[in-house]
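Work through the exercises below with the sequence and the model open. Try each task before reading its solution.

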Amino acid sequence: MPFLSDSLSRVKPSPSIAITTLAGELRAAGRDVIGLSAGEPDFDTPDNIKAAAIKAIEEGKTKYTAPDGIIELKRAICDKFQRDNGLSYTPEQVSVGTGGKQILYNALMATLNPGDEVIIPAPYWVSYPDMVRLAGGTPVIVEGQLETGFKITAEQLEQAITPRTKWLIFNSPSNPTGAGYRADELKALTDVLMRHPQVWVMTDDMYEHLVFGDFTFCTPAEIEPGLYERTLTCNGVSKAYAMTGWRIGYAAGPKELIAAMRKVQSQSTSNPCSISQWATVEALEGPQDYIKTSKEAFVRRRDLVVEMLNQIDGVTCPVPDGAFYVYPSIKGLIGRTSPAGTAISDDEAFAKALLAEADVAVVHGAAFGLSPNFRVSYAASDDTLREACRRIQSFCASLS
Ligand SMILES: Cc1ncc(COP(=O)(O)O)c(C=O)c1O
């Protein structure tokens, strides 16, 4: 009898966490590695949020809470959805979890049966297909291409839907590309979903506040109210308020689904950290200046990175609408050889050689389901990014 469960054999560990760990080990061994693989803001959590957490500790708010969140936070989340997205929810329609990741996982665990299909547009956040497999479902990947701005079309969605389709996971702006769906593009997708009542939508709106220029964020239930009854609108504070370590994510949707997610959570983590929940009330209800300041920094960094990467012969780097990633194509470099003799046969070989020979850690495109590309997280200082892009430029120029 095997000791490890069969379900575990269906999943692989997160490649971005693996590369970030390797970069950390190389740094600890004395190498001057620049890490651009982690998906988290380099800023500190705003002071007002930290102060709210300290106050919660001092006031003894350090005990178990209701499994899916304190009522004060649920109310703040309802206000946020009304204010930012024009969506009306009551507290019984809200679930708070240990990060956006747990919220998505709870929803999949609560709903998937063997054979159920989940449509995932690629390039995708690395965890979606594995979370679907772990929950017993079957991921169905639909590829967005460089030429379509890494977005899928209504025709592609229509073709991917079968009677077994249970969910579409919709992430805009996206990790890893930063591509965002404009209202008319999203409407074309929701029109398709309106014709298939068995399909639900799980949104991942983690990067809602990190959008640039004239791009306006929109979310499916807002664009198509007819989908309200079968949409789980997911969001969190990790990226918007530099709170990755606090582990709070949340979602709103139909009461029955929220109750099923509560059941999963009550038998796994019990409840998200009480102190982090009080900090999140402050994040959502307190001053919002941090969002504006971080956005300004990210747009400046995006422009710097896009410009420097596009100067490289063989690299094409589209300009993203949001998040803090770029996803350049290295089509023009495939088939070359590095100075140490590594054949750049695919994007994984490229990323490995870049780390080994130029001390820059990025994540290869295959991890996100679209090659040959690599993902740069530009959540680093301007000087660090300039130096990293210089290293990438000279590494690419050294390929023969
Ligand atoms: C698209 C996307 N969804 C969800 C998450 C998970 O966020 P959290 O830290 O809240 O679990 C991430 C984090 O990298 C992400 O990029």
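**Exercise 1.** Which helix contributes the largest share of the shell around the ligand?

Solution. Keep in mind that the model is predicted. Begin with the whole shell: 13 residues surround the ligand. Gly-99, Gly-100, Lys-101, Asn-175 and Ser-238 are the closest. Next, sort the shell by element: helix H5, residues 99-111, gives the largest share, with three residues.

**Exercise 2.** How many residues of the shell around the ligand are nonpolar, polar and charged?

Solution. Assign each shell residue to a class, with Gly counted as polar. The result is nine polar residues, two nonpolar and two charged.

**Exercise 3.** What is the order of the strands in the open sheet?

Solution. Strands of a sheet pair through backbone hydrogen bonds, either parallel or antiparallel. Following the pairings from one strand to the next gives S2-S8-S7-S6-S5-S3-S4, seven strands with mixed pairing. At the edges are S2 (94-97) and S4 (138-143), each of which pairs on one side only. On average, neighbouring strands are turned by 20° against each other, direction ignored.

**Exercise 4.** In which sense do strands S3 and S5 pair?

Solution. Locate S3 at residues 117-122 and S5 at residues 165-171. Three bridges join them, in the parallel sense. For one residue pair, take Ile-119, whose bridge partner in S5 is Leu-168.

**Exercise 5.** Which strands do helices H6 and H10 lie across?

Solution. Take H6 (residues 127-134): this helix lies across S3, S4 and S5, and runs at about 155° to S4. Then take H10 (residues 255-266), which lies across S2 and S7 (231-236). The angle of H10 to S2 is about 25°.

Notes. Residues numbered from 1 in each chain as written. Predicted model: local features only at pLDDT ≥ 70, side-chain atom pairs only at ≥ 80, totals over all residues. Near = placed C-beta within 6 Å. Helix = DSSP H or I, 4+ residues; strand = E, 2+ residues; numbered from the N terminus. Pairing = 2+ DSSP bridges. Axes fitted to C-alpha atoms, helices over the stretch in contact; angles between N-to-C directions. Contact = placed C-beta atoms within 7 Å.
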